[in-house]
Amino acid sequence: MSLVTLLPFIVLIGAMFLMTRSAKKKQNAAAQMRNEMQPGTGVRTIGGMYATVKEVNEETVLLDAGPGVDLLFAKNAIGAVLGDDEYNRIVHGIEHDLKSDESVVPDDASSLTGTDEPVDASDDKAIDLGKKDAAVEPVAEPVGEPTVQPVVEPADEPAAAEPKKTDAADLKKSDGESDTK
């Protein structure tokens with residue numbers, strides 16, 4: 001056999017070796033992380049639950065998930081051990097390291113107007129969002145006796161003004177009958 005025919009097999013075996021080696025490194029790092037857990041540290045389980053470690057045994061971990069809620073998990077079920085700052089930020093919403101050079105987004109639009117006073121909404125005129133017919137022009141009525149305005153129909157649609165012709169057979173049809181004759 002020549003070296004050219006063996007080269008793909010050698011490359012394939014080398015790639016498999018590198019992939020298994022990196023996976024083993026990740027498994028060892030996760031096992032070391034789980035073994036270094038101490039009571040009082042915050043953890044995230046593989047199911048996404050955040051809790052505080054209460055007690056660590058050889059194969060299990062007792063977690064405090066809330067007031068009066070203690071849960072027993074296998075060590076393999078711990079997905080990540082979190083630092084105090086990260087745990088407090090996620091669970092309690094506490095930020096310790098706020099930087100002063102970061103921009104702060106206001107909760108209202110007062111920074112856009114330049115004043116801290118709320119804008120008075122009574123100055124705005126009421127807007128009518130109702131649908132109006134384009135053919136009928138609104139007419140301002142004088143104060144006093146009301147007048148009746150005639151409705152003007154558009155000249156483009158003469159078929160709409162005529163009543164629909166009906167057949168006697170159409171009137172006798174009941175619901176569900178077909179038009180077959």
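Here a visitor asks a guide how the labels on this predicted model are earned.

Guide: Since the model is predicted, local features need pLDDT of at least 70 and side-chain atom pairs count only at pLDDT 80 or more, while totals for chains, interfaces and linings use all residues. Residues are numbered from 1 along each chain as its sequence is written, and side-chain values use heavy atoms, with hydrogens and water left out.

Visitor: What makes aspartate 70 and lysine 54 a salt bridge?

Guide: The term asks for a side-chain nitrogen of Lys or Arg within 4 Å of a carboxyl oxygen of Asp or Glu. Here the N to O distance is 2.8 Å, so the pair fits that definition. A search of the whole structure finds one salt bridge.

Visitor: Why is aspartate 70 called partly exposed?

Guide: Buried means under 20% relative accessible area and exposed over 50%, with partly exposed in between (1.4 Å probe, protein chains only). Aspartate 70 has 38%, so it falls in between. Lysine 54, at 45%, is partly exposed as well.

Visitor: How do you know that the span of helix 1 agrees with what's expected?

Guide: Helices are DSSP runs (H or I, at least four residues), and strands are too (E, at least two), numbered from the N terminus. The expected span is 1.5 Å times one less than the number of residues. For the 33 residues of helix 1 that gives 48 Å, and the end C-alpha atoms are 47 Å apart, which agrees.

Visitor: What makes helix 1 lie largely in the open?

Guide: Of its 33 residues, the number buried is one, so helix 1 lies largely in the open.
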